[in-house]
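Student: I am new to this structure, and I would like to understand the reasoning behind the words used for its aromatic rings. Could we go through them step by step?

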Amino acid sequence: MAQHYRLDSVLLPQGWAPDALVTVAEDGRITAVEASGGAGGTGGPHEALRVSGFVVPGMPNAHSHAFQRGMTGNTEFRLSARDSFWTWRQAMYGLAGRIEPEDLQVLATQLFIEMLKAGYTSVAEFHYLHRRPAGDHYPDGLGLWDAIIAAAAASGIGLTLLPTLYQTSDFGAAPLKPSQARFASDTDWFLRAVEARIGAERSAAPAALRTGAAFHSLRAVPLETLREAALALRRIDPALPLHIHVAEQIQEVDSCLRQTGRRPLELLLETGLLDEHWCLVHATHATAAELQGIAATKATVCLSITTEANLGDGFFETARFLKLGGALCVGSDSQATVCPAEELRWMEYQLRLRKKRRAVLADKRDPHVGTRLWRDAARYGAQAIGQPAGTIEVGRRADWLVLDAAHPSMAGSVPDNALDHLVFAGASAAIRDVMVAGRWVVRDRRHAAEPMLQARFVDLMKRLAS
């Protein structure tokens with residue numbers, strides 16, 4: 001049965017609208033939007049539910065490794081004078097070797113609830129844990145994939161599951177190391193498993209579940225294998241979301257140059273595969289020519305600035321890419337921080353520090369930086385994860401956040417600067433209610449699953465930290 005909502009103030013694609021009447025169908029899709037609630041704001045069904053505060057699109061999280069929530073806060077100490085991504089990776093492998101499906105379901109459920117409360121309403125789970133710790137398959141199927149799906153169902157978050165192809169440890173087809181045994185995926189097995197998952201999804205028709213695929217990196221998937229697998233996946237689903245880590249580290253770029261004579265992004269662009277259904281994760285060390293090439297393909301780039309800062313990756317050339325018409329979205333990646341507002345805040349603050357001026361990423365359409373960044377990241381995040389979200393309009397899923405106008409962090413705000421408060425004034429605490437696919441999953445800052453989950457999560461974190 002359709003539900004009608006009268007929204008005091010809502011951000012629509014054309015801008016802020018007061019007293020809008022929005023109709024949401026039983027499947028969670030928006031079927032009607034009537035600005036100003038009809039004649040003089042008094043029209044519309046009598047059963048419409050009033051929603052006070054500022055209503056904005058929920059943010060898609062375009063890049064997440066849920067199992068890494070198990071190490072948050074536990075690697076912030078120095079092992080040597082040259083600590084880096086590569087030393088952190090060894091700790092990550094240690095954690096990956098210990099996670100079982102029941103552990104992953106607890107970690108992911110807790111994480112997905114944290115995402116919802118922070119403003120993420122859907123997530124692309126870049127998932128490369130496939131096998132048991134010894135490297136053999138689970139006898140009852142893909143238990144680690146199922147754990148992620150069960151966690152999304154328990155939390156209510158929208159999910160794009162990205163099973164990830166992972167075959168080699170470095171360029172030149174170097175064999176996997178023992179610490180990577182759980183990631184191993186033969187191409188034929190991988191394609192069959194993804195196709196089966198897509199078939200199951202279509203038959204069940206869940207409101208907020210999508211299957212895509214990912215290639216871990218060009219270090220982990222030889223280029224010819226990537227090409228063949230990508231074409232095979234396109235035959236299964238022409239609009240399948242495809243993601244890849246690329247050019248995150250200088251060492252990665254240098255290794256690729258030594259082995260192939262080309263940079264990772266050069267190789268990817270030369271395949272001719274990239275289009276609007278691809279998402280390139282990080283692309284930190286892209287050249288100006290590579291940024292122009294990416295923008296021309298309409299592929300998205302996903303930044304996770306809190307993870308990139310945590311790991312010392314480097315700076316992405318955000319301003320240059322946006323001037324080229326590039327599409328940017330954000331993700332929580334290693335879960336160093338789970339907060340879309342913080343990702344966007346530091347997207348701007350990095351540039352302020354480097355350029356020594358303010359409001360660098362404002363533009364003529366959106367002089368308010370918070371509005372511009374949130375609106376674009378939500379829209380392109382939805383594109384990246386292949387979900388009908390990111391905007392509040394007919395045909396899209398009702399994924400939205402309600403900002404409490406009475407919260408101290410929103411004091412003095414009006415619609416035009418409400419997202420500036422969310423991004424720059426610590427107003428994530430003002431996220432009062434969260435809807436996904438037409439269903440309230442957070443009400444008055446509370447999620448119904450938290451009380452039962454807390455003890456299990458705390459016990460698990462203690463065990464993993466021991």
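**Rings and their neighbours**

Tutor: Let us begin with a charge and a ring: in this predicted model, R354 lies over the face of F315, at 4.6 Å from the ring centre.

Student: What makes R443 another case of a residue over the face of a ring?

Tutor: R443 is placed over the face of W440, at 4.4 Å from the ring centre, and this distance fits the definition because CZ of Arg has to be within 6 Å of the ring centre.

Student: How many aromatic pairs does the structure hold?

Tutor: There are 15 aromatic pairs, and one of them is formed by Y166 and F183, with 4.9 Å from centre to centre and 50° between the planes.

Student: Why is the pair of Y166 and F183 called tilted?

Tutor: The centres, at 4.9 Å, lie within the 6.5 Å limit, and the angle of 50° is neither under 30 degrees nor over 60, so the pair counts as tilted. Both residues lie in the loop between β7 (158-165) and α4 (187-204), so the pair ties together parts that are 17 residues apart in sequence.

Student: How do you know whether Y166 is buried or exposed?

Tutor: Its relative accessible area is 2%, and because buried means under 20%, Y166 is buried.

Student: Why is the pair of W346 and Y349 called edge-to-face?

Tutor: The ring centres of W346 and Y349 are 5.4 Å apart and the planes stand at 90°, which is over 60 degrees, so the pair is edge-to-face. Both residues lie in helix α11 (residues 340-355), 3 residues apart, about one turn of the helix.

Notes:
Residues numbered from 1 in each chain as written. Predicted model: local features only at pLDDT ≥ 70, side-chain atom pairs only at ≥ 80, totals over all residues. Heavy atoms only, no water. Phe/Tyr/Trp six-rings, centres within 6.5 Å; stacked < 30°, edge-to-face > 60°. Helix = DSSP H or I, 4+ residues; strand = E, 2+ residues; numbered from the N terminus. Buried < 20%, exposed > 50% of the residue type's maximum accessible area, 1.4 Å probe, protein only. Lys NZ or Arg CZ within 6 Å of the ring centre and 35° of its normal.
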